[in-house]
Amino acid sequence: LILGCVILLPLFFYSNSYIVSALVKWFILTFKVTAYSTTATVWLNFLIDLINAVVGLAILNKFFRRQLKDFFKNKTDILIAGCIVGLFMNYIANGVGSAIVSLFVSSSKSVNQQQVESLAKNLPLLMFITTGILAPIGEELIFRGVIFTGIRKYNRVLAYLVSGFVL
């Protein structure tokens with residue numbers, strides 16, 4: 001199980017990008033679809049993140065059922081404490097992170113940031129769904145869900161370390 005969580009599952013998700021990329025290229029060439037590279041990139045990322053989220057949800061199906069039951073039993077406490085504490089911690093983390101980044105990075109935009117902004121201007125809704133919903137869900141399902149849950153059965157500390165440092 002640990003081998004599957006630490007090596008095989010991340011390898012699947014890494015290979016997933018190559019598989020979906022090949023399928024998108026095949027689709028474009030076969031059906032002679034005219035697509036700009038930015039549009040193809042956004043759709044490619046959307047498909048990869050969608051597959052990752054679906055696979056993660058399928059693997060953690062029982063876990064989510066238990067969590068939903070627990071949520072509905074304690075929803076007031078979870079919402080109040082989670083929202084207040086989470087919001088407070090988010091502001092602190094963003095402030096500290098911004099201060100650290102400003103020490104080491106010049107104020108000019110990176111090439112990556114410029115590319116992301118360009119993609120967001122061309123296809124804003126699709127970029128929002130991909131980067132704001134699907135990518136975070138897929139990432140959390142895999143790294144905090146599958147890997148952490150799989151290793152936690154054997155050693156809780158190891159589960160925190162591996163899920164925190166994998167990829």
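## Burial and overall architecture

Buried residues account for 23% of the 167 residues in the protein. The structure discussed here is a predicted model. Its secondary structure consists of seven helices and zero strands, and the order along the sequence is α-α-α-α-α-α-α.

The C-alpha trace spans about 50 × 40 × 30 Å along the principal axes of the protein. Among contacts with a separation of 6 or more, 68% join residues that stand 24 or more positions apart.

## Exposed surface and charge

The protein exposes about 12100 Å². Carbon and sulfur atoms supply 70% of this area.

The charges comprise 14 positive and 6 negative ones. The mean position of the positive charges and that of the negative charges are 9 Å apart.

## The positive patch

K62, R65, R66, K69, K73, R152, K153 and R156 form a positive patch on the surface. Which helix gives the largest share of this patch? Helix 3, covering residues 61-73, contributes five residues and thereby the largest share.

K69 is one of the residues of the patch, and K69 lies in helix 3. The relative accessibility of K69 is 60%, which is over the 50% limit, and K69 therefore counts as exposed.

## The nonpolar patch and helix 4

A nonpolar patch on the surface is formed by I80, I84, V85, F88, M89, I92, V96, I100, V101, L103, F104 and V105. Together these residues have about 1300 Å² of accessible area.

I100, a member of the nonpolar patch, is placed in helix 4, which covers residues 75-104. Is I100 exposed, partly exposed or buried? With a relative accessible area of 45%, I100 is partly exposed, because this value falls between the limits of 20% for buried and 50% for exposed residues.

G97 is also found in helix 4. At 28% relative accessibility, G97 counts as partly exposed. From G97 to L158 the separation is 61 residues in sequence, and the C-alpha atoms of G97 and L158 are 26 Å apart in space.

## A position in helix 1

Helix 1 covers residues 2-30 and contains A22. The relative accessibility of A22 is 43%, so A22 counts as partly exposed. A22 and L44 are separated by 22 residues in sequence. In space, their C-alpha atoms are 9.8 Å apart.

## Summary of the surface features

Two surface patches have been described. One is positive and includes K69, a residue that counts as exposed. The other is nonpolar and includes I100, a residue that is partly exposed.

Notes: Residues are numbered from 1 along each chain as its sequence is written. This is a predicted model: local features need pLDDT of at least 70, side-chain atom pairs count only at pLDDT 80 or more; totals for chains, interfaces and linings use all residues. Side-chain values use heavy atoms; hydrogens and water are left out. Patches are made of residues with over 30% relative accessible area and no salt bridge: like charges are joined within 9 Å, nonpolar side chains (Val, Leu, Ile, Met, Phe, Trp, Tyr) within 5 Å. Accessible areas come from the Shrake-Rupley method with a 1.4 Å probe; for residues, only the protein chains shown count as cover. A salt bridge is a side-chain nitrogen of Lys or Arg within 4 Å of a carboxyl oxygen of Asp or Glu. Lys and Arg count as positive and Asp and Glu as negative; His and the chain ends are not counted. The place of a charge is taken as NZ of Lys, CZ of Arg, CG of Asp or CD of Glu. Helices (H or I, at least four residues) and strands (E, at least two) are DSSP runs, numbered from the N terminus. Buried means under 20% relative accessible area, exposed over 50%, partly exposed in between (1.4 Å probe, protein chains only). Contact means heavy atoms within 4.5 Å.
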